[in-house]
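User: Please take a close look at one part of this protein chain, namely how its neighbouring helices pack against one another. I should like the answer as one connected account, set within the overall fold.

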Amino acid sequence: MLKYINTTLNNAKDGSLYYIVPYIIYIFANEKSINMNTENVKSQMRKGILEYCTLLILSKQRAYVSDIIRSLKESRLIVVEGTLYPLLTRLKNTGLLTYEWVESTQGPPRKYYELTDEGKRFLSELEESWNELNNVINHIRERHTEDN
């Protein structure tokens with residue numbers, strides 16, 4: 001089972017929440033029997049939620065890349081531009097985001113991203129998935145605690 005999950009994760013180049021969910025559930029359900037590098041697991045979990053967190057930020061208002069990074073850092077999710085730009089490009093190419101160039105008084109024009117209507121619908125679906133995932137993890141955590 002673990003080999004299947006690791007293969008799935010390695011094939012999940014976009015770090016989508018849908019790919020990381022089975023992995024998280026497996027880890028929580030079998031945490032005593034798995035000898036894994038915790039930093040690797042935490043890294044995979046962060047990658048899995050980056051898309052969701054980025055969409056949440058953009059659901060409040062349009063934002064420039066440095067604004068998104070600042071907001072993520074304030075929430076203790078450290079991300080660099082080299083990670084965020086490919087994600088934003090993919091989200092734009094799939095119709096979930098749009099952008100507008102805005103002149104800046106301090107340098108070149110800036111690209112401000114915002115959710116499209118399709119992006120808002122997609123975020124709503126991700127929120128449902130996130131709530132389901134939280135319920136599953138809480139259930140497993142409660143069950144695991146009762147067994148000890």
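Analyst: In the order of the chain, starting at the N terminus, the elements are α-α-α-β-α-α-β-β-α, which gives 6 helices and 3 strands. The model is a predicted one. Of its 148 residues, 33% count as buried. The accessible surface amounts to about 9700 Å², and carbon and sulfur atoms account for 48% of that area. When contacts between residues at least 6 apart in sequence are considered, 54% of them link residues at least 24 apart.

The packing of the helices can be followed through α4, which spans residues 65–74. Its partner on the N-terminal side is α3, residues 38–60; the two axes lie 10 Å apart and meet at an angle of about 115°. Angles of 65 to 115 degrees count as roughly perpendicular, and α3 is therefore roughly perpendicular to α4. The crossing of this pair is right-handed. On the α3 side, the contact is formed by L50, C53, T54, I57 and L58, which meet I68, S71 and L72 of α4. By class, the residues of this contact comprise 6 nonpolar and 2 polar, with no charged residue.

Helix α4 also packs against α5, residues 81–93, again at an angle of about 115°, with the axes 11 Å apart. Here too, α4 passes α5 in a right-handed crossing. The α4 residues involved are V65, I68 and I69, and they face E81, L84, Y85 and L88 of α5. This contact has 6 nonpolar residues, no polar ones and 1 charged. I68 takes part in both contacts, as it meets α3 and also belongs to the contact with α5.

Beyond the helices, a residue of strand β2 may be added to the picture. The strand covers residues 97–102 and includes T98. The relative accessible area of T98 is 33%; buried means under 20% and exposed over 50%, so T98 is classed as partly exposed. Leaving aside residues up to four places away in sequence, T98 touches Y112, Y113, E114 and T116. T98 and K111 are separated by 13 residues in sequence, and their C-alpha atoms are 9.7 Å apart in space.

In summary, α4 makes right-handed crossings with α3 and with α5, and nonpolar residues number 6 in the contact with α3 and 6 in the contact with α5.

Note on methods:
Residues are numbered from 1 along each chain as its sequence is written. This is a predicted model: local features need pLDDT of at least 70, side-chain atom pairs count only at pLDDT 80 or more; totals for chains, interfaces and linings use all residues. Side-chain values use heavy atoms; hydrogens and water are left out. Helices (H or I, at least four residues) and strands (E, at least two) are DSSP runs, numbered from the N terminus. Buried means under 20% relative accessible area, exposed over 50%, partly exposed in between (1.4 Å probe, protein chains only). Contact means heavy atoms within 4.5 Å. Accessible areas come from the Shrake-Rupley method with a 1.4 Å probe; for residues, only the protein chains shown count as cover. Axes are lines fitted to C-alpha atoms, for helices over the stretch in contact, and angles run from 0 to 180 degrees between N-to-C directions. Angles under 35 degrees count as roughly parallel, over 145 as roughly antiparallel, 65 to 115 as roughly perpendicular and the rest as oblique. A crossing is left-handed if the near helix is turned anticlockwise from the far one by less than a right angle, and right-handed if clockwise. Ala, Val, Leu, Ile, Met, Phe, Trp, Tyr, Cys and Pro count as nonpolar, Asp, Glu, Lys and Arg as charged, and the others, Gly among them, as polar.
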